[in-house]
Amino acid sequence: MNERQLSPVHGLANMSRRQQNNRSGRQIRGPQSALTDFLASHNISANQIRLDADARRRAAEQENGASSSSNQQQVAEDEVGESSTVTTSVTVTTRTSRRKKDQKVIDKIKASKTYQKRKRNAGEDDADDDLLDNLLRERAPLPGQMDNCANCGKRFTVTAYSRNHSDGGLLCSPCGKEMDKDAPPKKKPAKRAATGPVGTRRQIQSKILDGTFQLGAKSLMTLCIETLAKNIDLAEDLGDLPQPVIDKIARKLSKHRLLNPTTLSLFLQPTTDEVCIYDGAKLSADDYIRIFQTVPGLKRLKARNAIHFKDEVMDFLVSRKTELEDLYLHGSNLIAEEKWLEFFQKKGKSLRSLRVYWTDKHFGDSALAALPTSCPSLVRLKACHNQKITGEGIKHLAQLQHLKHLSIDLRNHVHSDVYVDVLSSIGPHLETFSITREIDLDNTVLDAIHNHCRSLQKLRITDSEVMTDEGFARLFTNWENKCLLFVDLQKCRQVDSANPRQNPDNIGLCDKGFKALMAHSGRKIQHLNVHGCRHISAKAFEEVFPSDGKKVYPELKNLEISFCEEVTDFIVGSIFKCCPNLHELNVFGCMKVKSVRVPKGKILVGVPNALGMVIEGVDDDEE
């Protein structure tokens, strides 16, 4: 009983003793390795070996130090000569051995069946060298194999980037780098031009937004202008180019933001009378002053993004003898209203066209009040994105008896009666009447246009939420005005978030107004925009554009019917039949338009399908 009880204790004691004996025998302590422990067990000390080696090294240095300096120099010269001789001999030996080796390889290749077979297929003696080169290239070491450098003879591992030697063989990495230094720099491969619908889709969309998209190849003039824009830094003078070409060059440079004080000089010729700047963001006030200094006979000035056209520029213009007839300023919101009044008083007699955009609160009612007396010959007036003009300033426009083109886009509400008074006074001579984003404009304005306008060619009324279909029908029915060429009635519709598709009062342009419009101006109309007039029914579209093509609109080139929900594939096909000269049709938001056969030469924009947002017709069959 006692032995069985003590046996575990004795077992643990024996185990501990065995572990102690093992540790005492090995003498492995801390980070010592097994090799160190093995050498120690054989009475070999690594420290003693190191000490003996240091002693022998010191003794050798003392013996070498006893020789004279002259002997050292002679020895050095001998060593240099011997090293060069050895290097030369090694190089010659390496090349000789390589040639013998290559000759053996060539003889072996010529004796092979592969060489004999390929030589019979080639059939010409001149192809022997090419055949040998190909076979030698195939027998070259593969990446990962070992080979001798063809230049220095060193053994190295072949990689996929190992360079070829001119005499044959491969080069190691150091020799390859030396060869790269001596070789001429490689020309970067030219970027491939983007081809296909994926590469050109963005460019097509940009051209459509700019209004410059056209079918077919580019004209020679367009290609020349694009080449000039890419190398505009090399141009010194535009010469005697006609004004339309110069205008296209200015547009191209502005599109790429290349118009700066240096390139501006190309457009400043003392003999010209027109300067067009489509992006003046990089021009300073001194640059605008330089325009009037260089072009003394300037008559027409157009400057977009002219943020630095300030009071000092206006002061300089007033002090010069320049008599402007057409002034177009966009973004010049740093001109004080007092400077506008001074300009009108001193330079307004010759002014015939005034177009002002984004002037914020520095062009207001007092400026419009000064126009009848200071600018009696004014024919065109356009004030857009203005925050200061109110109905009080619009009233003074009734005194401009020579005014033919009027475009207003304000941020302040103007009552419809003010526009009625203006139309009753100057309506008979108006050719352009444009009122944008006036949501409270009502039918009284339409009735005034019907009663007083007789020469109107362009009509734009947008975003009205009060005008009704009956008002539009009265406007175009029995109207003594000649056919309109440009009509923009976009977003004249009911706005009711609770019942967006119900229109019990027929607010906006609906069936009657649309039919009356096309009956009055369909023969001559060139541009029609009914974007967002969603209350025009499919029946009205089918009646205006019948599928049999009995009604023809020969002059219509651009048609915008986006977000007219009732437009279908059948209606789009009927439009193409009734409009033989139609260039572009926009159908954004017309979800019932899915697959239409587009005639050749026509552009359909906005179809949400896999072909993209633009479809150029290629179908010759227009049936």
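This is a walk through the strands, helices and packing of a predicted model.

Let us begin with strand 6, residues 353-360. Of its 8 residues, 6 are buried, so the rest of the structure largely encloses this strand. On one side, strand 6 pairs in the parallel sense with strand 5 (residues 326-330), over 5 bridges. If you want a place to look, find Leu327, which stands opposite Leu354 in strand 6. To get from strand 5 to strand 6, the chain passes through helix 14 (residues 337-347), and this β-α-β crossover is right-handed.

Strand 6 has another partner in strand 7 (residues 380-386): the two run parallel and are joined by 6 bridges. Here Val356 has Ala383 of strand 7 as its bridge partner. The connection goes by way of helix 15 (residues 365-374), and strand 6, helix 15 and strand 7 together make a right-handed β-α-β unit.

Further along the chain, we can turn to strand 9 (residues 432-435). Is this strand covered on its faces, and by which residues can we tell? Both faces are covered, with Thr432 and Ser434 buried on one side and Phe433 and Ile435 buried on the other. Strand 8 (residues 405-410) pairs with strand 9 in the parallel sense, over 4 bridges. Within that pairing, Ile408 has Ile435 as its bridge partner in strand 9. Strand 8, helix 17 (residues 416-426) and strand 9 form a right-handed β-α-β unit.

Strand 9 also runs parallel to strand 10, and 4 bridges join them. Ser434 is the residue to follow here, standing opposite Arg460 in strand 10. The path from strand 9 to strand 10 leads through helix 18, and this β-α-β crossover is right-handed.

Strand 10 and helix 18 come up again when we reach helix 19 (residues 469-476). This helix has 8 residues, and because 6 of them are buried, it is largely enclosed by the rest of the structure. Those buried residues are Asp469, Gly471, Phe472, Ala473, Leu475 and Phe476. What do they pack against? Their neighbours are helix 18 (443-452), strand 10 (458-461) and helix 20 (511-521). Just past the end of helix 19, Asn478 adopts a positive phi of about 55°.

Now for the side chains that fill the interior. In soluble globular proteins, nonpolar side chains tend to be buried together. In this model, the largest nonpolar core has 126 residues, and those with the most contacts inside it are Trp340, Leu354, Ile394, Phe433, Ile449 and Phe545. Several of these names are tied to the elements we have visited: Leu354 belongs to the pairing with strand 5, and Phe433 lies on one of the covered faces of strand 9. Ile449 gives a good view of the surroundings: beyond its neighbours within four places in sequence, it is in contact with Leu423, Phe433, Arg454, Leu456, Leu459, Ile461, Leu475 and Trp479. Apart from this core lies another, of 8 residues, including Phe156, Leu170, Cys172 and Cys175.

The aromatic rings add some detail to this picture, with 9 aromatic pairs in the structure. Take Trp340 and Phe363: their ring centres are 5.1 Å apart and their planes stand at 85°, so this pair is edge-to-face. Trp340 sits in helix 14, while Phe363 is in the loop between strand 6 and helix 15, so the pair ties together parts that are 23 residues apart in sequence. Trp340 counts as buried because its relative accessibility is 1%, and Phe363 counts as buried at 1% as well. Ring pairs also bring Phe343 and Phe344 into a cluster with Trp340 and Phe363.

Another edge-to-face pair is formed by Phe545 and Tyr553, at 5.5 Å centre to centre and 70° between the planes. Phe545 is buried, at 1% relative accessibility, and Tyr553 is buried too, with a relative accessible area of 6%.

Finally, two lysines are worth finding for their place over aromatic rings. Lys302 lies over the face of Tyr328, at 4.8 Å from the ring centre. Lys458 lies over the face of Phe486, at 4.8 Å from the ring centre.

Conventions: Residues numbered from 1 in each chain as written. Predicted model: local features only at pLDDT ≥ 70, side-chain atom pairs only at ≥ 80, totals over all residues. Heavy atoms only, no water. Buried < 20%, exposed > 50% of the residue type's maximum accessible area, 1.4 Å probe, protein only. Contact = heavy atoms within 4.5 Å. Pairing = 2+ DSSP bridges. Right-handed = clockwise from strand over helix to strand, strands pointing away. Phe/Tyr/Trp six-rings, centres within 6.5 Å; stacked < 30°, edge-to-face > 60°. Lys NZ or Arg CZ within 6 Å of the ring centre and 35° of its normal. Core = buried A, V, L, I, M, F, W, Y, C linked by side-chain atoms within 4.5 Å.
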